[in-house]
Amino acid sequence: MALKTSAVPFAGTAEQEARLKEIIAEHKDDPGALMPILQKAQEIYGYLPIEVQTIIAEEMDIPLEKVYGVVTFYAQFTTNPKGKYKISVCLGTACYVKGSGDIYNKLQERLGVESGGITPDGKFSLDACRCIGACGLAPVLTVNEDVYGRLTVDDVDKILAKYN
């Protein structure tokens, strides 16, 4: 099993680790504790890198493979950090037929990242989503809470420039 590593090195703090271990200690004997512990861990760190998964596995005395399996199975968890500016491109049907795939490809090229990736400076992360409920504005992308609609590939550079 090959683990993907992030372009941004793990930078967890002692305070984060202490909080995580405290949560694990409070819940590790509860049935089904792994899911809520993973959810709290993601709240603490913003994502679940292998370093955090290892702490959870060791503290709960369960195999790392079990933790990794749960993390990679559920879409609510991410193993990649998110950038200061989280870009999400809708690849749902309405957006896709109007060109969101091309917009997504252009963003990957401009940012130099793949799907789920983050730029080395931690500024931008890029993800795809299935529908954000703005089909009338297709194609659509979001940058954090900002929504951009009726886009073309030519709009990509202008949008990125707003966040530089």
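# A tour of the helices, the sheet and some unusual loops

Select residues 14-27 to show helix α1: its 14 residues reach 20 Å from first C-alpha to last, close to the 20 Å expected at 1.5 Å a residue. Keep in mind that this is a predicted model.

**Stop 1: the two sides of α1**

Stay on α1 and color Gln16, Leu20, Ile23 and Ile24, its buried residues. Now look down the helix axis. These buried residues fall within an arc of 100 degrees, so they line one face of α1. There is a general reason to look for such patterns: an α-helix has 3.6 residues a turn, so residues three or four places apart point the same way.

What does the buried side of α1 pack against? Show α2 (34-45) and α3: the buried residues of α1 pack against both of these helices. Then turn to the face pointing away from the buried side. Select Ala14, Glu15 and Ala25 there; these residues are exposed.

**Stop 2: a loop residue after α3**

Go to Asp61, in the loop between α3 (50-60) and α4 (64-73). Check its backbone angles. Asp61 has a positive phi of about 55 degrees, yet it is not a glycine. Is Asp61 buried or exposed? Its relative accessibility is 71%, so Asp61 counts as exposed.

**Stop 3: the sheet**

Next, show the strands. An open sheet of 4 strands runs in the order β2-β1-β3-β4, and its pairing is mixed. Which strands form the edges? They are β2 and β4, each pairing on one side only. Tilt the view to see the twist, which averages 20 degrees from one strand to the next.

Select β1, residues 85-90. This strand is mostly covered, with 5 of its 6 residues buried. Follow its pairing to either neighbor:

- Toward β2, the two strands run parallel and 6 bridges join them. Pick Val89 and find its bridge partner in β2, Ala128.
- Toward β3, the strands run antiparallel, joined by 3 bridges. Pick Ile87 and find its bridge partner in β3, Val143. Then pick Ser88, which stands opposite Thr142 in β3.

What holds such neighbors together? In general, strands of a sheet pair through backbone hydrogen bonds, either parallel or antiparallel.

**Stop 4: the helix across the sheet**

Add α6, residues 100-111. Its 12 residues should span 16 Å at 1.5 Å a residue, and its end C-alpha atoms are 16 Å apart, which agrees. Rotate until α6 is in front of the strands. The helix lies across β1, β2 and β3, and it runs at about 160 degrees to β2.

Which residues of α6 are buried? Select Ser100, Gly101, Ile103, Tyr104, Lys106, Leu107 and Leu111. The buried residues of α6 pack against β1, β2 and β3, and also against α5 (93-97) and α7 (156-161). Step just past the end of α6 to Gly112, where phi is positive, at about 70 degrees.

**Stop 5: two loops around β3**

Move to the loop between β2 (124-129) and β3 (141-143), and find Pro139 there. Look at the bond before this proline. A cis peptide bond joins Ala138 and Pro139, with omega about -5 degrees.

Cross to the other end of β3. Asn144 is in the loop between β3 and β4 (146-148). What is the phi of Asn144? It is near 55 degrees, a positive value in a residue other than glycine. Asn144 is partly exposed, with a relative accessible area of 31%.

Methods:
Residues are numbered from 1 along each chain as its sequence is written. This is a predicted model: local features need pLDDT of at least 70, side-chain atom pairs count only at pLDDT 80 or more; totals for chains, interfaces and linings use all residues. Side-chain values use heavy atoms; hydrogens and water are left out. Buried means under 20% relative accessible area, exposed over 50%, partly exposed in between (1.4 Å probe, protein chains only). The expected span of a helix is 1.5 Å times one less than its number of residues. Contact means heavy atoms within 4.5 Å. The arc is that of the directions from the helix axis to the C-beta atoms. Two strands pair if DSSP finds at least two bridges between them. Axes are lines fitted to C-alpha atoms, for helices over the stretch in contact, and angles run from 0 to 180 degrees between N-to-C directions.
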